[in-house]
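I opened this entry to look up how the aromatic rings pair with one another, and then to follow a single residue in a loop.

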Amino acid sequence: MYKVKCFECGSEVDDPFVDSCPKCGGLLTIEMDLDEASGLRPYDLRKRPLGVWRYAPFLPVDASKAVSLLEGGTPLYDCQNLRSRIGIKSVHVKYEGANPTGSFKDRGMTVGVTRAVELGCGTVGCASTGNTSASLSAYAAKAGRTCIVLLPSGKVAAGKLAQAMFYGAKVVMVDGNFDDALRVTRQLAREGVLYLLNSINPFRPEGQKTVAFEIVDQLDFEVPDRIILPVGNAGNISAVHKAFEEWKSLGWIDRIPKLTGIQAAGSAPLVKAFRAGSRGFIPEASPETVATAIRIGNPVSGRKALKAIYDTGGYATDVTDEQILDAQKMLGRMEGVGVEPASAASIAGLIKLVDEGVVAKDERVVCICTGNVLKDPDTVMRSCAEILKAKPTVEDVRRVIA
Ligand code: F0G
């Protein structure tokens with residue numbers, strides 16, 4: 001059982017098709033009734049395999065009707081090489097690139113599409129910088145629903161675009177950025193053209209909570225000191241915060257990690273707000289970054305994200321494109337973990353914050369790396385050394401590799 005409520009004014013919202021509070025326009029959130037869960041002990045959950053649906057008592061849909069591709073259950077890598085290089089006690093990477101469509105979005109989408117089916121929606125849709133559309137397209141296919149995705153023209157990485165096309169979505173390139181695409185998609189939803197599955201739909205973050213549950217579960221119910229994650233539209237950091245609050249309210253954990261959000265320097269409205277100590281933010285008109293996944297100027301869940309950061313004693317900072325690409329390569333070449341640029345922002349952020357003394361050397365840090373390196377092959381091709389060319393002889397290959 002659960003209630004949909006306004007995050008700002010707290011009023012209950014009955015209409016399942018609105019994307020904000022009819023009274024004050026605030027963001028929506030779901031208040032879970034944790035009665036069922038309160039009869040459990042954390043280890044009881046382990047009767048189900050690691051993955052999103054292990055945490056069914058914390059999800060607002062019927063698990064027996066889940067539209068699932070077996071999402072979640074991603075590796076938590078103990079990055080010993082990275083740890084020695086950066087000089088801190090413990091660094092783990094939660095590798096969300098191992099999800100069915102290669103990003104963390106699958107966690108929210110399995111819950112979101114299950115909800116769409118529950119409501120009898122024939123057409124689902126979203127605006128996206130790429131990963132949300134790739135994920136929704138796959139889950140809509142599984143559920144036999146029509147899928148419409150609106151993408152910022154020319155700014156979606158090749159792998160993500162290919163996925164949306166491949167799974168059979170109607171792919172619409174909008175002449176504008178993500179914020180423009182989301183504005184139009186929300187209007188289409190209001191007009192009944194599609195059921196909106198961006199993270200402004202409060203069912204999406206419910207699924208995304210499970211990344212936090214898994215991290216704690218994989219650490220055998222030890223809570224890390226800090227979780228660092230990239231922030232774009234700000235749904236994920238808010239979801240992670242909500243997850244920890246729920247487990248804390250049950251007494252399953254005794255504290256919440258410092259949630260630390262990283263934005264790209266050209267798209268950092270929340271970092272600017274954090275520096276000013278503000279709970280609101282000023283949208284960035286022309287966001288720009290190589291990390292196209294987080295090329296967002298007006299993060300829909302920005303206010304929730306700032307609350308998550310302030311309430312947990314966390315932090316926010318930005319990293320340059322160069323720092324992002326360096327961190328991406330470092331993670332690949334020191335740990336064998338391939339992530340897309342936006343995901344590498346969390347590693348770049350960690351390096352920067354250790355240098356600045358914000359992250360202490362004895363902290364146990366988990367970086368969430370949200371998407372797979374294969375999502376954006378073009379950036380890799382541009383940022384890595386040239387390919388060697390040789391004649392088909394041993395001598396010539398020896399010559400070029402020397
Ligand atoms: N990392 C990746 C790889 C993403 O695709 C996104 C968001 C984020 C981080 C940021 O997460 O928005 O919850 O703060 N991608 C969205 C999309 C916007 O359309 O795929 P967030």
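I began with the ring pairs, keeping in mind that the model is predicted, and found that they link Tyr43, Tyr55, Phe58, Phe213, Phe221, Trp247 and Trp252 into a cluster.

I then asked for the count of aromatic pairs, which comes to 15. From these I looked up Phe213 and Trp247, whose ring centres lie 4.5 Å apart with the planes at 15°; since planes under 30 degrees apart count as stacked, I entered the pair as stacked. I noted next that the pair links distant parts of the chain, with Phe213 in helix α8 (residues 210-218) and Trp247 in helix α9 (residues 235-249), 34 residues apart. Are Phe213 and Trp247 buried or exposed? I found both Phe213 and Trp247 to be buried.

I also looked for a charge over a ring, and recorded that Lys304 lies over the face of Phe7, at 5.6 Å from the ring centre.

My last entry concerns Asn372, which I located in the loop between β12 (364-369) and α14 (377-383). The relative accessible area of Asn372 is 16%, and because buried means under 20%, I entered Asn372 as buried. What does the side chain of Asn372 reach at 3.1 Å? I found that this side chain reaches the backbone oxygen of Gly97 at that distance, 3.1 Å. Leaving aside residues up to four places away in sequence, I listed Tyr95, Gly97, Gly102, Gly338, Val339 and Glu340 as the residues that Asn372 touches.

Terms used:
Residues numbered from 1 in each chain as written. Predicted model: local features only at pLDDT ≥ 70, side-chain atom pairs only at ≥ 80, totals over all residues. Heavy atoms only, no water. Phe/Tyr/Trp six-rings, centres within 6.5 Å; stacked < 30°, edge-to-face > 60°. Helix = DSSP H or I, 4+ residues; strand = E, 2+ residues; numbered from the N terminus. Buried < 20%, exposed > 50% of the residue type's maximum accessible area, 1.4 Å probe, protein only. Lys NZ or Arg CZ within 6 Å of the ring centre and 35° of its normal. Polar contact = N/O pair within 3.5 Å; in protein donor to acceptor, adjacent residues only side chain to side chain. Contact = heavy atoms within 4.5 Å.
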